[in-house]
Amino acid sequence: METEALANGDAVPTVHPPNPPARLNDHLAESLRLEHQLMRVPFEHLKKSMRTSNRTVEKEMNAVMSGVAEAAQKDMSKEEAVQHLNSLVSRLQGLKRKLDESNKSEQLQVQRCRARLDHLTVLRAENQQEWNNIRVNRILVDYMLRLSYYDTAMKLAENSAIQDLVDVNVFMDAKKVVECLQNRDCAPALAWCAENKSKLKKVKSKLEFQLRLQEFIELVRVDHSMDAIQYARKHLAPWVSTNMKELQHAMATLAFRSNTDCATYKALFDAKQWDNLVQQFKEEFCKLYGMTVEPLLNIYLQAGLSALKTQYPFNLYNASLYIFHQILL
């Protein structure tokens, strides 16, 4: 311990300002560990955009090189050669426009990554209350986006100046697919599956199969049996090795039809099947971008309420969600 001499010769210990409690620092560190999704989503979006750009460049450049090689092998007149080269130049110009658009999107994701990193690095004990207020707004925006309150979510993000800290644009992409599924149209969802085929295959997703199955059921519903059989041969046959039981179940609807009283097959024609597809798409969408399947609000509420010393945490949790729903409505 350091000492300091007084005028009379006595010595007193030097008093240093206390260090921040270790518990407080640990609490801040734990807060940051919960922010995995905050950084993961724009990073995944950036990777997706870059993969799309690379595929586009590869496809277009291969086409241009093939066109050049073809022109070199043919005996063309001057006019034909000029016309052929102009078509190749137009194709390259189209590629440049696509890359410019892709670059803007990538720069936007980089900006969001930087803003979120800055947001995480400013967390200190002295500004923790303000930081937590921003977190609450982020959690509320996430919750509203998942429940399709898009306009309210955007207004809250704008009023709180947290546009770079929330994923409105990502959920707006999902909105188009969700609305089409609610209108009993699988085409956009199937296009999304094709666009993300490699990632969905890695996680062994059955979304595409379920969408194909639903389209088959809809053909059976309107008594287009031959069209349904042709559809099954083209789109369902590749799934035989992994989904035989479900396929056999669906194919039996050709005999039972949509007006059947057999509960086993009647369920396949239930309108709730479309609601199941919407929910399944949302889950796969969240997994693809590294988001939690459950809304962050549910997770935080459940964690907080389970820590309370109450005999009825589950009822309290449901009551909290009910109150929040009423506020939104």
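Partly exposed residues are those whose relative accessible area falls between the limits for buried, under 20%, and exposed, over 50%. By this criterion Glu-179, at 37% relative accessibility, counts as partly exposed, and Lys-175, at 22%, is likewise placed in the partly exposed class. In the predicted model described here, the side chains of these two residues meet in a salt bridge, with an N to O distance of 3.9 Å. Both Lys-175 and Glu-179 belong to helix H6, where they are four residues apart, a spacing of about one turn of the helix.

Side chains of opposite charge can pair when their charged atoms come close. The structure holds 15 salt bridges, and two of those examined here join parts of the chain that are separated in sequence. In one of them, Arg-91 pairs with Glu-60, and the closest N and O atoms are 2.6 Å apart. Because Arg-91 lies in helix H3 (residues 78-121) and Glu-60 in helix H2 (residues 36-73), this pair ties together parts that are 31 residues apart in sequence. The two partners differ in their accessibility class: Arg-91 is partly exposed, with a relative accessible area of 37%, whereas Glu-60 is buried, with a relative accessible area of 10%, a value that lies under the 20% limit for buried residues.

A further salt bridge is formed by Arg-116 and Asp-167, for which the closest N and O atoms are 2.8 Å apart. Arg-116 is located in helix H3, while Asp-167 is found in the loop between helix H5 (150-159) and helix H6 (168-182), so the pair ties together parts that are 51 residues apart in sequence. In this case both partners, Arg-116 and Asp-167, are buried.

In addition to these pairs, a network of salt bridges links four residues, namely Arg-40, Glu-44, Lys-47 and Lys-199.

With regard to the confidence of the prediction, the protein chain averages a pLDDT of 83, and 83% of the residues score at least 70. Two stretches stand out by their scores: pLDDT stays under 50 over residues 4-8, and pLDDT also stays under 50 over residues 11-24. For residues 4-8 the model has six contacts beyond four places in sequence, and for residues 11-24 the model has 16 such contacts.

Definitions and conventions. Residues are numbered from 1 along each chain as its sequence is written. This is a predicted model: local features need pLDDT of at least 70, side-chain atom pairs count only at pLDDT 80 or more; totals for chains, interfaces and linings use all residues. Side-chain values use heavy atoms; hydrogens and water are left out. Helices (H or I, at least four residues) and strands (E, at least two) are DSSP runs, numbered from the N terminus. Buried means under 20% relative accessible area, exposed over 50%, partly exposed in between (1.4 Å probe, protein chains only). pLDDT is the predictor's confidence in each residue, from 0 to 100. Contact means heavy atoms within 4.5 Å.
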